[in-house]
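Reader: I am in my first year and still learning to read structures, so please choose one part for a close look. After that, please connect it to the rest, step by step.

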Amino acid sequence: QVQLVESGGGLVQAGGSLRLSCAASGRTFSSYAIGWFRQAPGKEREFVGAIGWGGGSTHYADSVKGRFTVSRDNAKNTGALQMNSLKPEDTAVYYCAAGFAPSWSPQQYNYWGQGTQVTVSS
């Protein structure tokens with residue numbers, strides 16, 4: 001029902017910032033929660049943050065709380081992950097996903113972007 005395309009990944013020095021975008025197609029995008037996940041080499045995919053359909057309910061993993069911000073613009077069919085004060089341990093492939101409710105579990109999301117690489121150097 002919805003298709004997602006990520007952009008904005010890249011290479012950044014520690015302490016820097018990146019903004020990831022998740023562009024969605026579909027007339028019912030506003031009905032979906034947006035989740036963000038990341039996966040480092042050799043590790044399981046882990047929850048980063050999520051935002052509800054209206055944008056008023058946000059959730060964050062402890063590891064990124066205070067540094068990352070999730071947002072959305074339903075009129076433009078986009079979601080965003082603003083990443084500040086980046087650390088080398090933030091290096092991973094980042095994914096956006098859409099589901100009917102925000103959740104820490106990847107299994108609760110039905111649609112996924114292709115992933116974008118974020119590399120943070122020391």
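**A loop residue and its surroundings**

Author: Asn77 sits in the loop that joins strand 7, residues 68–73, to strand 8, residues 78–83. The model is a predicted one, and what follows should be read with that in mind. Although Asn77 is not a glycine, its phi angle is positive, at about 55 degrees. Ser85, which is not a glycine either, likewise has a positive phi, of about 50 degrees, and this residue belongs to the loop between strand 8 and strand 9. With a relative accessibility of 42%, Ser85 counts as partly exposed, because that class covers values from 20% to 50%.

From these two loops we can turn to another one, where the surroundings are described in greater detail. Tyr32 is found in the loop between strand 3 and strand 4, the latter being residues 33–39. Its relative accessibility is 3%, so Tyr32 counts as buried, the cut-off for that word being under 20%. If we set aside the neighbours within four places in sequence, Tyr32 is in contact with Gln1, Val2, Trp53, Arg72, Ala98, Gly99, Phe100 and Tyr111. Sequence and space should be kept apart here, for Tyr32 and Leu18 are separated by 14 residues along the chain, while their C-alpha atoms lie 24 Å apart.

Ala40 offers another case to set beside this one, and its place is in the loop between strand 4 and strand 5, which covers residues 46–51. Not counting residues up to four places away in sequence, Ala40 touches Thr91 and Ala92. Ala40 and Thr119 are 79 residues apart along the chain, and the distance between their C-alpha atoms is 10 Å.

A covalent link also joins separate stretches, and a search of the whole structure finds one disulfide. That disulfide is formed by Cys22 and Cys96, whose sulfur atoms are 2.2 Å apart. Cys22 belongs to strand 3, residues 18–25, and Cys96 to strand 9, residues 92–99, so that the pair, 74 residues apart, links distant parts of the chain. The link of Cys22 and Cys96 is right-handed, with 70 degrees about the S-S bond, and both Cys22 and Cys96 are buried.

It remains to place these parts in the whole chain. The protein chain has 11 strands and zero helices, and when it is read along the sequence, the pattern is β-β-β-β-β-β-β-β-β-β-β. For 122 residues the globule rule gives a radius of gyration of 14 Å, and the value for this chain, 13 Å, is close to that, so the chain is as compact as a globular protein of that length. Taken along the principal axes, the box filled by its C-alpha atoms is roughly 40 × 25 × 25 Å. Among contacts with a separation of 6 or more, 57% are between residues 24 or more positions apart.

Buried residues, such as Tyr32, make up 43% of the 122 residues in the chain. As for the outside, the protein chain exposes about 6,200 Å², and 49% of that area is supplied by carbon and sulfur atoms. The chain carries 10 positive and 7 negative charges, and the mean positions of these two groups are 6 Å apart.

Terms used. Residues are numbered from 1 along each chain as its sequence is written. This is a predicted model: local features need pLDDT of at least 70, side-chain atom pairs count only at pLDDT 80 or more; totals for chains, interfaces and linings use all residues. Side-chain values use heavy atoms; hydrogens and water are left out. A disulfide is a pair of cysteine sulfur atoms within 2.5 Å. Helices (H or I, at least four residues) and strands (E, at least two) are DSSP runs, numbered from the N terminus. Buried means under 20% relative accessible area, exposed over 50%, partly exposed in between (1.4 Å probe, protein chains only). The radius of gyration is taken over C-alpha atoms; the globule rule is 2.2 Å times the number of residues to the power 0.38. Contact means heavy atoms within 4.5 Å. Accessible areas come from the Shrake-Rupley method with a 1.4 Å probe; for residues, only the protein chains shown count as cover. Lys and Arg count as positive and Asp and Glu as negative; His and the chain ends are not counted. The place of a charge is taken as NZ of Lys, CZ of Arg, CG of Asp or CD of Glu.
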